[in-house]
Amino acid sequence: MKRRILVVEDEAPIRDMITFVLEQNGFNTIEAQDYDQGIAKLIEPYPDLVLLDWMLPGGTGVKLAKKLKQHEHTRNIPIIMLTARSDEDDKVRGFEAGIDDYVTKPFSPKELIARIKAVIRRVSPTSLEETLDFQGLTLDPVAHRVSISGKSVELGPTEFRLLHFFMTHTERVYSREQLLDNVWGTNVYVEDRTVDVHIRRLRKAITGEGHENFIQTVRGSGYRFSGKIKSLI
Ligand code: CA
C-alpha cells in the first residue's frame, strides 16, 4: 500500500517539484495551496504525513499544525515543516506546536525523501513494509508470513503482531502495559496476564532453533527481544 502525503505549499513550482519527487519515490500525494485547503484536505482517509510550508496564505503552517494536533483523528499524523527560516526561535515554536521535523529551503529531493522516511520510521516503526530478518527468523509484514531458516511458522494474529513489534523494537525492555498499548492498542482492556499467555504461545511457535530464547523475561520489568545471550543471574 502506498503512503499518502499531503503537501501544503502555496508556491506552485515548489509544490509541483515536491509532488513529482514524492510520486517518483512511491508515495501518493494530495495537494493544498493554502491554509483553508490544507484544513479541508485533512479528512478521511487521512494522509500518513503532512508536508507543511511555514508561510501560507490564510494562516501560518504553525497554526495549521496546532489545529491538526488538537484533533483526536489527526493528532498522530506526523508533520514535516518546509521553511526558509533557519532561526532557532522559529524552530522551537514549531516543535512546541508538535512538528516532527524540518526541511529548510532550498532542499534536495534526496534530502526530502530521506527526512520523510526517517519520520515515518520513527513515528510508526512497525508500519514500514520491509521484511524483517533476525538471525534466521524472518517476518514478512506484507504477506503475513513468518519463517525460521526458510521453514514456515504458524502464528496467531496476536502472536504475529507481538513478534512484529519485538523485531522492530529489539534490545529494549517493555513492560506488560507497554506491550498492551503497542500491540493490542490503547483502547482495549486486557489484563496484564494476557501478555504472558501470548508470549508463551509465541515462544512455543518459534522453538526449534533456539529463537525462543530471544524473547527474554526481565524479572520485575517485562520482556525484551534480544539476540544477546541472557545473563544467568
Ligand atoms: Ca509559502
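## A tour from the calcium ion to a three-stranded sheet

Start with the calcium ion: its donors follow the spacing D-x42-D-x1-M along the chain. Asp 10 and Met 55 bring distant parts of the chain together, as they are 45 residues apart. You will find Asp 10 in the loop between strand E1 (4-8) and helix H1 (12-24), and Met 55 in the loop between strand E3 (49-53) and helix H3 (61-70). Keep in mind as you click around that this is a predicted model.

Now show the side chains around the ion. Asp 10 (OD), Asp 53 (OD) and Met 55 (O) coordinate the calcium at 2.0 to 2.3 Å. Next, turn on the surface. Asp 10 is partly exposed, with a relative accessible area of 29%, and Met 55 is also partly exposed, at 48%.

Next stop: the sheet. Select E10, E12 and E11, in that order, to see 3 strands forming an open sheet with antiparallel pairing. Strand E10 (173-174) and strand E11 (215-218) each have a single partner strand, so one side of each is left without a neighbour in the sheet.

Zoom in on E11 and strand E12 (residues 222-225), which pair in the antiparallel sense over 4 bridges. To see one partnership, pick Thr 217 and look across to Tyr 223 in E12, its bridge partner.

Finally, add the helices. Helix H6 (residues 157-168) packs on the sheet and touches E10, E11 and E12; the direction of H6 makes about 65° with that of E12. Then select helix H8 (residues 192-205), which lies across E11 and E12 and runs at about 145° to E11.

Conventions
Residues numbered from 1 in each chain as written. Predicted model: local features only at pLDDT ≥ 70, side-chain atom pairs only at ≥ 80, totals over all residues. Heavy atoms only, no water. Donors = N, O, S within 2.8 Å, 3.2 Å for Na, K, Ca; no water. Helix = DSSP H or I, 4+ residues; strand = E, 2+ residues; numbered from the N terminus. Buried < 20%, exposed > 50% of the residue type's maximum accessible area, 1.4 Å probe, protein only. Pairing = 2+ DSSP bridges. Contact = heavy atoms within 4.5 Å. Axes fitted to C-alpha atoms, helices over the stretch in contact; angles between N-to-C directions.
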